[in-house]
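Biologist: Could you take a single helix from this model and walk me through it closely? I'd like to hear what its buried side packs against, and then how that part sits in the whole chain.

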Amino acid sequence: MSSKIRNCVKELAKSGDPKKLIPEYVKQSMRIYNNFAEMQFMMEYYTFYEIFQEGTNPYMESEKETAETLHKMVRTYYEAEPSEVQLKEMAEELLALRQVVLDKMQVLTAYTDCFVVYEYVLNRIQYRFDDMETMPEDSVFAQGLVEYIFSGEDNTAVSDNIRVMLGQLPVRIARSRYFDWLRNSISIYIGSDKDSLDSFLYMFRMGAMMYQDEHMKEHYTEFVPVLEELAALDFEKFDRDMYQIYEEKILANASKLNDISELLLQLGHLINEMYSICASAGHAEEKKENDAVRLVIRGINALFLLNGSDVWKYSGEEHVGTEEEKLAWLGEQFEHVEGKLETIYNSVNVCGASLEEVMGSQKEMITSLGLSEDFKILENLSFLSSDSVFANLEENRQDEIVTEKFAEETADALIAECKSFFQGKSRMLRRAVMANTLGVMPIQFHSQEEVADYVVDSLQQCDDEAEKYVAKQLLLEIMQ
């Protein structure tokens, strides 16, 4: 299938007939995305039902409404033969449903990042109460860490190593230097598109526990009192009993957040794929009723909705009647699609690689052919076929550029926001936030010597042996 796409792109590059080639490109691309999404949906829908059946995620009931909305649309698509108008409406409804899940995930991510910071703080006081083993002396450890950092095969690997180092070493830089780094980080985006800067600001605020969202008043408010309680603590005065109490509390809430995150991630995958199926349905290949992929999807849907379906007639076995027997029979269908996903995935990569090129070189012809909406859908399908489940479908579609003045004003506002947030917070919490955000910033070092100086200063200026010990312990685990 990818060969047809390649041929279209090659012919367009050779000044072939765009009136003929562009509609063919759309048709083949839509078919590829449709097949890919349907196969992905089959596998994940089956897994989702297994989790539902086993009851392993205690938060399944909390997302019942979202799941039922999805199940009903699956049934409409596979059992009712919806019209073109209905398919378009379903696609729009799925995008709206996706936004609801995305809003919830953003709130959840904000709370998760808060607990990550508090976990960092507790890790740094753990060895006030636990026995410490012998660690390398500061200068020896620093030398080994610097050697590890610059042992990366390329600049990207070295940068990643530096970020890991910044996130684990004791933070002993002055707040003024931290704010200078933050200002420099924003200035790097001068001349870039505003979306890139917005992404940085989003990541920074998340890591700094400063992210605010109107949906926080609607979703997962049970975590708010816990975070307020943690924010009021003076970690410097912790004894062993307090440490154990709050360690258990943080772990319990982290487990809850993980369960909800996994559920939202599964729903996000399913909604993305069902949208892709509906949005590309107009170009989908006609498939047989007993196609293995469709049998599994229809069967799982029937099990979810407890509705009668003629899907079971294809089993050819009269004894397929219980839920377990039906699920087992559906599981047997996977052998019929073994190896096909990898082939389709290669075609998806071809579509994604060629889309921007075709849109850029054939912009006027696409408009004249009335295919602008189709290419917008293809952009969505390309984003949703990536690894990022909650990719923003509007990203990279703005032309606004970051000016020097805008960058300066943004830096002033963010630094003021940080200062306000730090006010009244314990020293350990401030340092934890700084450590959690340093890795988000672009690298501030200009030489190996600057990195080495930072490592040495961080260790030598830290007079909290428990904090220094756990930093060395974690970094040694990473290096080994």
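Modeller: Let's go with α18, in what is a predicted model. Its buried residues pack against five helices: α5 (138-149), α6 (155-168), α7 (175-187), α17 (427-438) and α19 (465-479). The residues on that buried list are Val451, Tyr454, Val455, Ser458 and Leu459. Looking down the axis of α18, you'd find them within an arc of 120°, so they line one face of the helix. The spacing fits the usual pattern: an α-helix has 3.6 residues a turn, so residues three or four places apart point the same way. Now flip to the face turned away from the buried side, and you meet Glu449 and Gln460, which are exposed.

As for the helix itself, α18 covers residues 448-460, 13 residues in total. From first C-alpha to last it reaches 18 Å, close to the 18 Å expected at 1.5 Å a residue.

Now zoom out to the whole chain. Helices are what you get here: 19 of them, with zero strands. The C-alpha atoms fill a box of roughly 70 × 60 × 40 Å along the principal axes. Of the 480 residues, 48% count as buried. If you take the contacts with a separation of 6 or more, 84% come from residues 24 or more positions apart.

On the outside, the chain exposes about 24,200 Å², with carbon and sulfur atoms supplying 47% of that. Charge-wise, there are 46 positive and 87 negative side chains, and the centres of the two sets lie 4 Å apart.

Technical notes: Residues numbered from 1 in each chain as written. Predicted model: local features only at pLDDT ≥ 70, side-chain atom pairs only at ≥ 80, totals over all residues. Heavy atoms only, no water. Helix = DSSP H or I, 4+ residues; strand = E, 2+ residues; numbered from the N terminus. Expected span 1.5 Å × (residues − 1). Buried < 20%, exposed > 50% of the residue type's maximum accessible area, 1.4 Å probe, protein only. Arc of directions from axis to C-beta. Contact = heavy atoms within 4.5 Å. Areas by Shrake-Rupley, 256 points an atom, 1.4 Å probe, with all protein chains shown as cover. Lys, Arg positive; Asp, Glu negative; His and termini not counted. Charge placed at Lys NZ, Arg CZ, Asp CG, Glu CD.
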